[in-house]
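Hi,

Here is the structure I promised to pass on. My notes on it follow below, and I hope they are handy when you open the file.

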Amino acid sequence: FYWACVEKDCYRRGVDQPCPINGLIVCHNCGGAVEFGEWGGKPVWRCRNNPRHRQRIGRTHLRLPKMRALVPILDLKKLEKLFTEPGTVSVRMEANVKQQTLFDL
């Protein structure tokens, strides 16, 4: 089971995951703010309160503009390659302009 926004191609989350607060995903362990980081060479959200709290970055997380803004541009390009499936076309989201992105596929 999961929760989904009523708008097409919007954010989704599992019923056991905490709700985004003001458009930002929070730490699933303590509810604290998260930041972009890496663990074992893989991209993760790291808790600002406790860096030992980590969670994987999901494709749907980057559909939230405020979460997308937390990722440095070079890392955003790496994530785009990571989430690109064979045969799909990537269209980048311009600042403050809602367009379909590869994460909307």
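Helices (H or I, at least four residues) and strands (E, at least two) are DSSP runs, numbered from the N terminus. The model is predicted, so local features need pLDDT of at least 70 and side-chain atom pairs count only at pLDDT 80 or more, while totals for chains, interfaces and linings use all residues. Residues are numbered from 1 along each chain as its sequence is written, and side-chain values use heavy atoms, with hydrogens and water left out.

Let me start with cysteine 30, which lies in the loop between strand E2 (12-14) and strand E3 (34-39). Its relative accessibility is 40%, so it counts as partly exposed (buried is under 20% relative accessible area, exposed over 50%, partly exposed in between; 1.4 Å probe, protein chains only). Leaving out residues up to four places away in sequence, cysteine 30 touches Cys47, Asn49 and His53 (contact means heavy atoms within 4.5 Å). The C-alpha atoms of cysteine 30 and cysteine 47 are 8.4 Å apart, with the two residues 17 apart along the chain.

Next, the largest nonpolar core (buried Ala, Val, Leu, Ile, Met, Phe, Trp, Tyr and Cys residues joined through side-chain atoms within 4.5 Å). It has 14 residues, and those touching the most other members are Phe36, Trp45, Ile57, Leu62, Met67, Val71 and Leu79. E3, strand E4 (42-47) and H2 each give two or more residues to this core, and H2 gives the most, with three.

Finally, aspartate 75 sits in helix H2 (residues 73-83). Aspartate 75 counts as buried because its relative accessibility is 15%.

Best wishes
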